[in-house]
Structures are given as C-alpha cells and as structure tokens.
Amino acid sequence: MNNDPAYEAETEGVRVRVRPSYLAGQSDPEAGRWVWAYQVEIENRRETAVQLVARHWIITDARGQVEEVRGAGVVGEQPVIQPGDRYAYASGCPLPTPSGGMVGSYAMTDAEGRVFEAAIPAFSLDVPGARRILN
C-alpha cells in the first residue's frame, strides 16, 4: 500500500483499510476531470474463511451529486480470504469536481453461507493543497 493516510473500518472481524491518492497525471482540471486511485486491503480477523461476493459504493462529488455503484466482486474477482490472510486490490475514481468522497460496503459470505455487509470506511478525495469546502 502507499504511504497516504489510511481510512479503516471493521465489521464482524473483517477489517477494510483504504488509501486514496490523487492522480495529477490522469486529471484534467481544465476539462473538469479529477482522478483518484485507491488501494484497498481486506483482512480476515475471523476464525473461518470469508468470501467477498459483491460491492456497493456511494460516490459523492463536491456539488453533492451522488452516484451508486453495485456489482459482483471487485476487479473481476470474488476472493476467498482465509483466517489471518489479507486481500488487496487497487482501483480508481474520476470526479467532475476537485473533491468528493466515497463510502460503501462489501457483501461477504461466511463459512456457514450467511451473508453480511462489511463496511468500507468513508474517505475523502481531495486534490493535495486545494482549499477544502464543506458540502
């Protein structure tokens, strides 16, 4: 993971840690496009395996416009995470404003087949050095 600040949440023994970073080289402020990468690490602190089966993201830009994203797995995978193991992936998010935020959840199944929602912590997407405006 990168050295940017981490946002963290834990639900039923599944810890989710997210580190966003601004991608200046892929952004075009003059065209109204700002892009961030985010690295996610999911740690299974339970005594049995869990599987990530779906994702739900709520993405909000600085104007308060909300986009919801739902889908199977993450980055084309539905990983099984063994006790004590971690699964990590990276993805990205473009916005039409220089700041915003994301929050969400992963649908997980446990060893008994029970589905539960593991929280993805809310995290901010801010251009480094930009003046922050609260929505």
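**Notebook: a predicted all-strand chain**

I began with a single pair in the sheet and found that the bridge partner of Y22 in β3 is W36. I note that this is a predicted model, in which local features need pLDDT of at least 70 and side-chain atom pairs count only at pLDDT 80 or more, while totals for chains, interfaces and linings use all residues. Residues are numbered from 1 along each chain as its sequence is written, and side-chain values use heavy atoms, with hydrogens and water left out.

**Entry 1. Overall composition**

I looked up the secondary structure and recorded zero helices and nine strands. Helices (H or I, at least four residues) and strands (E, at least two) are DSSP runs, numbered from the N terminus. Along the sequence I read the pattern β-β-β-β-β-β-β-β-β. The radius of gyration is 16 Å, close to the 14 Å that the globule rule gives for 135 residues, so the chain is as compact as a globular protein of that length. For this entry the radius is taken over C-alpha atoms, and the rule is 2.2 Å times the number of residues to the power 0.38. I also noted that the C-alpha trace spans about 50 × 30 × 25 Å along its principal axes.

**Entry 2. Burial, contacts and charge**

I found that buried residues make up 41% of the 135 residues. Buried means under 20% relative accessible area, exposed over 50%, and partly exposed in between (1.4 Å probe, protein chains only). The chain exposes about 7300 Å², of which carbon and sulfur atoms supply 48%; accessible areas come from the Shrake-Rupley method with a 1.4 Å probe, and for residues only the protein chains shown count as cover.

I then turned to contacts (heavy atoms within 4.5 Å). Among those between residues at least 6 apart in sequence, 61% join residues at least 24 apart.

For charge, I recorded 13 positive and 18 negative side chains, with the centres of the two sets 4 Å apart. Lys and Arg count as positive and Asp and Glu as negative, whereas His and the chain ends are not counted. Each charge is placed at NZ of Lys, CZ of Arg, CG of Asp or CD of Glu.

**Entry 3. Strand β3 and its neighbours**

I asked how many residues of β3 are buried. Ten of the eleven residues of β3 (residues 34-44) are buried, so this strand is largely enclosed by the rest of the structure. Two strands pair if DSSP finds at least two bridges between them. I found β3 paired with β2 (residues 14-22) in the antiparallel sense over nine bridges. Ten bridges join β3 to β7 (residues 86-95), again antiparallel. In that second pairing, Q39 has A90 of β7 as its bridge partner.

**Entry 4. Strand β4 and its partners**

Which strands pair with β4? I traced β4 (residues 50-61) to β8 through ten antiparallel bridges, where W57 stands opposite G104. Seven bridges join β4 to β5 (residues 66-72), also antiparallel, and I58 stands opposite E68 there. β4 also pairs with β6 (residues 80-81) in the antiparallel sense over two bridges, and V50 has I81 as its bridge partner. In the hairpin of β4 and β5, four residues lie between the strands, and G64 takes a positive phi near 90°.

**Entry 5. V103 and E117**

I located V103 in β8 (residues 99-109). At 30% relative accessibility, V103 counts as partly exposed. V103 touches H56, W57, I58, I120, P121 and A122, not counting residues up to four places away in sequence. V103 and I59 are 44 residues apart in sequence, yet 6.8 Å apart in space, C-alpha to C-alpha.

I located E117 in β9 (residues 115-126). E117 is likewise partly exposed, at 45% relative accessibility. With residues up to four places away left out, E117 touches T11, S105, Y106 and A107. The C-alpha atoms of E117 and H56 are separated by 9.6 Å, with their positions 61 residues apart along the chain.

**Entry 6. Positive phi outside glycine**

I looked up E12 and found a positive phi of about 50°, although E12 is not a glycine. E12 is in the loop between β1 (7-11) and β2 and is partly exposed, with a relative accessible area of 41%. V75, another residue other than glycine, has a positive phi near 40°. I placed V75 in the loop between β5 and β6, where V75 is partly exposed at 46% relative accessible area.
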